[in-house]
Amino acid sequence: MWNDPVILEWVFIVVKIGVIFGLLLTIVPYTVLAERRICAWMQDRVGPNRVGFQGVLQPIADGLKLMFKEDMLPDHVHKVLFTLAPALVFMPSLMILAVIPWGSAIGPMKCVLSDMNAGMLFALALASFTVYGIALAGWSSNSKYPFLGGVRSVAQMISYEVCLGLSLVPIFMQTGSLNLGVIVGYQTQHGWLALYNPLSCFIFITSVFAECNRTPFDLAEAEQELVSGYNIEYSSLKFGLFYLGEYANMMVASALVTTLFLGGWSLPFAPFNAPAVHIWVGLAHVLIFVAKVCSVLFLFIWVRWTVPRFRYDQLMALGWKVLLPLALVNILVVAGILACKANL
Amino acid sequence: MIVERPKLTFWDRIYMPQILKGLWITLKHIPMKRFTRQYPEEKPPLPERYRGVPTLVRDPDRRVKCVACQLCEFVCPPTAITVVPGDRAGICSDGNVEKEPEDFIIDMGRCIYCGLCQEACPEEAIFLKKDYAMASYSREQMKLHKEKLLEMGGIHDDRICKWKKK
């Protein structure tokens, strides 16, 4: 029965879904812990170190606390949208993970849930979906601070999405594919795309910071001005889902940066620079991928606790007047170079 | 008033060198010394004359020094102290002392740790100790009675020994 390819395919799909959920639900809570501890260290403090050894059980304690809080549904909110919004923030990140190759192959199983040719388009389309969750949260809360937070976030995310997409065009031109697996394959042979195209990498990372509502672009939840923006009216698990969604988005963004610019699961030497034949190399590839994602997550945290928030006009000026022209020029330059190479 | 705007150079305007500088600074702080004090385990160093909880003391012969004169009760600004005077029957071998408090109540919910009771006391029977964490679950529990106060005060190493000289 186990040799039947159809059944085997189904088993693989279930295993892959399990791995994706597992990665997400372990990395995300520990990113929260890492964020709190690293921020504390950067400020010469200790951070949460009481629950378990050095605070390793802190995420569990936080989760339990959120679960047992009272789930408030204020009278003045739009009930349906208000309940829907947190899910809309969390869902896209889960779905994007389906197209990201988190390893080469373990035995006969390819380490990507959906190896689709329009993978990156799918990811970009879903990435812009997060904005609906936040906009709906702001709108359905029906009170002023969430509304302002929602409006800001929509304006910000739509502006930076343009740069996000344009910064990737050179990558597509160079690799000739939108399939994330093929892009990683290209990098295993030719080296990391961040080295070929540092400007693309820079613009992408900056836009991704804005897309994830992270400092220095966390205008949507600016504590000092908006109390906490779009999620003021939320409590208990609904708030928890926002929180989870925010960090899940961060993790997906890191996974995308890793896949697109940092060579995905590969390292630039044998046996890690080719799809795995042996099962242990396959597992090592998964570990390499996770390690790279964690490094990018560290970058996120590091920048957050260093750079102050932009003013709103500065944010817009940076997006439209600096990053957008840069991305366009970058496309032209790369296109020129590629054309020259092709003709020589 | 005209605010002089600083002239920004090209490198200031592209902002990146300053961000990198900032990133380097925060990175440098990660392995640095932490300033957090792990409180319940690590108590802060207190100054020599720190005013904490007021307590009653005994003299080296283990006698209660308080003679229930009630001066502390009168001087106490928030009226935290209540003294219930009583006769000192057969406890004191010197016949000079007539009274001792039957009960001595300090309401720690009212005490402002001013130390006036200690200054007013003619018998040097009340001292402010260095303990400061006096929280409890009810107002009733905040009231410290004679036994508790004596227990916290302990024996005062009295060099004057006023009672012996009388």
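Me: A crossing is left-handed if the near helix is turned anticlockwise from the far one by less than a right angle, and right-handed if clockwise. Residues are numbered from 1 along each chain as its sequence is written, while chains are lettered from A and ligands numbered from 1 in the order in which they are written. This is a predicted model: local features need pLDDT of at least 70, side-chain atom pairs count only at pLDDT 80 or more, and totals for chains, interfaces and linings use all residues. Is the crossing of H3(A) and H11(A) left-handed or right-handed?
Reply: Helices (H or I, at least four residues) and strands (E, at least two) are DSSP runs, numbered from the N terminus. H3 covers residues 79-96 of chain A, and H11 covers residues 236-261 of chain A. Their crossing is left-handed.

Me: Are H3(A) and H11(A) roughly parallel or roughly antiparallel?
Reply: Axes are lines fitted to C-alpha atoms, for helices over the stretch in contact, and angles run from 0 to 180 degrees between N-to-C directions. Under 35 degrees counts as roughly parallel, over 145 as roughly antiparallel, 65 to 115 as roughly perpendicular and the rest as oblique. H3(A) and H11(A) pack at about 30°, with axes 8 Å apart. Therefore these two helices are roughly parallel.

Me: How many residues of the contact between H3(A) and H11(A) are charged?
Reply: Residues are in contact if their C-beta atoms, placed from the backbone, lie within 7 Å. H3(A) brings residues including A:Phe90, and H11(A) brings residues including A:Lys238. Ala, Val, Leu, Ile, Met, Phe, Trp, Tyr, Cys and Pro count as nonpolar, Asp, Glu, Lys and Arg as charged, and the others, Gly among them, as polar. The contact has ten nonpolar residues and three polar ones, and the number charged is one.

Me: What is the handedness of the crossing of H6(A) and H13(A)?
Reply: H6 (residues 144-175) and H13 (residues 312-343) of chain A pack at about 10°, with axes 9 Å apart. Therefore H6(A) and H13(A) are roughly parallel to each other. Their contact holds 18 nonpolar, six polar and no charged residues. The crossing is left-handed.

Me: How many polar residues are in the contact of H9(A) with H13(A)?
Reply: H9 (residues 198-211) of chain A and H13(A) cross at roughly 150°, their axes coming within 10 Å. The crossing is left-handed. A:Ile203 is one of the H9(A) residues here, and A:Leu326 is one of those from H13(A). The contact has five nonpolar residues, no charged ones, and a polar count of four.

Me: Which helix gives the most to the largest nonpolar core?
Reply: A nonpolar core is a set of buried Ala, Val, Leu, Ile, Met, Phe, Trp, Tyr and Cys residues joined through C-beta atoms within 7 Å. The largest has 78 residues, and A:Ile100, A:Met251 and A:Val257 touch the most other members. With 15 residues, the top contributor is H11 of chain A.

Me: Is A:Met251 buried or exposed?
Reply: A residue is buried if 20 or more other C-beta atoms lie within 10 Å of its own, exposed if 12 or fewer, and partly exposed in between; C-beta atoms are placed from the backbone. A:Met251 sits in H11 of chain A. Not counting residues up to four places away in sequence, A:Met251 touches residues including A:Leu24 and A:Val293. Because A:Met251 has 24 other C-beta atoms within 10 Å, it is buried.

Me: How far apart are the C-alpha atoms of A:Met251 and A:Leu24?
Reply: Along the chain, 227 residues separate A:Met251 and A:Leu24. In space, their C-alpha atoms are separated by 7.7 Å.

Me: What is the phi of A:Asn142?
Reply: Most residues other than glycine have a negative phi. A:Asn142 lies in the loop between H5 (130-140) and H6 of chain A. It is partly exposed, with 16 other C-beta atoms within 10 Å. Its phi is positive although it is not a glycine, at about 55°.

Me: Is B:Thr79 buried or exposed?
Reply: B:Thr79 lies in the loop between helix H3 (71-75) and strand S2 (81-87) of chain B. Its phi is also positive, near 45°. Because B:Thr79 has 10 C-beta neighbours inside 10 Å, it counts as exposed.

Me: How many charged residues does chain B have on the side that touches chain A?
Reply: The contact takes eleven residues from chain B and nine from chain A. The chain B side has five nonpolar and four polar residues, and its charged residues number two.

Note on methods:
Two residues are in contact if their C-beta atoms, placed from the backbone, lie within 7 Å.
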